[in-house]
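Q: Hey, can we walk through this one together? I'd like to talk helix packing first, then pockets and odd backbone spots.

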Amino acid sequence: DLGDTLIYFNEQDRRQVFLRAHQALLESLQASGLQVGRKFGELFFERMEAYYRERDTEFIEYTTHYVLCNTLVDLGFGEQPDEVLRRALQAFHHVTQAHWIPEEDALPTLARLRDTGYRMGLVSNAADDLNTQDLVDKAGLRPFMEVIISSAAVGVRKPNPRIFRHALDAMEIFPENAVMVGDTLGADILGARNAGLYSIWISRRGDTPANRAHRDTIIPDAQIAALAELPGLLARLNLAREGE
């Protein structure tokens, strides 16, 4: 997993950050010649808020590109060139990306795992694939990953097993030989179970309303408090497996 597993958001007041991001998007559209104003800004913000609330119930990914395009059409601006939409979304994500920071133990742990011989891929629930790819590069994660798959790119979200199968198929790995590490019980851990993977819950940023709601019903195969614990846990699992 990416967010709150390998990287984290360093601002408590996310709403204020996203308000600034929405303003940057609005200004980009205006610079492209679209006379969008307060009505557009309010509707787009409302639709994105609704998307954030609903995306974890349907497990189908409606991208920010989709929301932006439909909002403009519904307000009478028609279908806009992709370069206009992409430029506006880049302005939006330029604001939010500044607040995503790599976990202190992320790169050292990934390097240790790679040097031990583990193969790694990334599966992320995300509304914009280009933003995900940018975040991966900003954090320096790409050299460690054989595949990087976002829900925006494949159209389904964790815990739908299809997104895990995309990664497994790309790496030519059977589920029983794979481990999923993530912070969200309802997406990462349940998704791993649905796809037949061993699940490891990283709990340091896991005290969320959604996780608390699932704490007694979605049980991970193992739990760690920080990524730095992962190599040792995997070594113990391998020893136990060899002893069977």
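A: Sure. One term before we start: a crossing is left-handed if the near helix is turned anticlockwise from the far one by less than a right angle, and right-handed if clockwise. Also keep in mind that this is a predicted model.

Q: OK, so which hand does the crossing of H1 and H4 have?
A: Right-handed, as H1 passes H4. H1 covers residues 14-31 and H4 covers residues 82-97, and their axes come within 8 Å.

Q: And at what angle do those two axes cross?
A: Roughly 150°. That makes H1 roughly antiparallel to H4, because angles over 145 degrees count that way.

Q: Which residues of H1 and H4 meet?
A: From H1, the list includes Val17, Phe18, Ala21, Leu25 and Leu29. On the H4 side, Val84, Ala88, Phe92 and Val95 are among them. The contact of H1 with H4 divides into 12 nonpolar, three polar and two charged residues.

Q: What about H4 and H6, how do they cross?
A: H6 is residues 129-138, and the axes of H4 and H6 come within 10 Å, crossing at roughly 40°. The two helices are therefore oblique to each other. H4 passes H6 in a right-handed crossing.

Q: Who makes that contact between H4 and H6?
A: Arg86, His93 and Gln97 from H4, with Leu130, Asn131, Asp134, Leu135 and Lys138 from H6. By class, that contact has two nonpolar, three polar and three charged residues.

Q: Switching to pockets. What's the volume of the second largest one?
A: About 910 Å³. There are 33 residues lining the second largest pocket, and the closest to its centre are Arg119, Asn177, Ala178, Val179 and Met180.

Q: Which element gives the most to that lining?
A: H11, with five residues. Helices H5 (106-116) and H8 (161-171) and strands S3 (121-124) and S5 (179-182) are among the elements that give two or more.

Q: And how does the lining of that pocket split by class?
A: The second largest pocket is lined by 24 nonpolar, five polar and four charged residues.

Q: Last topic, backbone. Where's the cis peptide bond?
A: From Lys158 to Pro159, with omega near 20°. Pro159 sits in the loop between helix H7 (151-154) and H8.

Q: And what is phi of Asp4?
A: Near 65°, which is a positive value in a residue other than glycine. Asp4 lies in the segment before strand S1 (7-9).

Technical notes:
Residues numbered from 1 in each chain as written. Predicted model: local features only at pLDDT ≥ 70, side-chain atom pairs only at ≥ 80, totals over all residues. Heavy atoms only, no water. 1 Å grid on protein atoms, 1.4 Å probe; cavity = no way out; pocket = protein on both sides within 12 Å on 5 of 7 lines; lining within 4 Å. Points joined across faces, edges and corners; volume = space filled by probe spheres on them. Helix = DSSP H or I, 4+ residues; strand = E, 2+ residues; numbered from the N terminus. Nonpolar A, V, L, I, M, F, W, Y, C, P; charged D, E, K, R; others polar. Axes fitted to C-alpha atoms, helices over the stretch in contact; angles between N-to-C directions. Parallel < 35°, antiparallel > 145°, perpendicular 65-115°, else oblique. Contact = heavy atoms within 4.5 Å.
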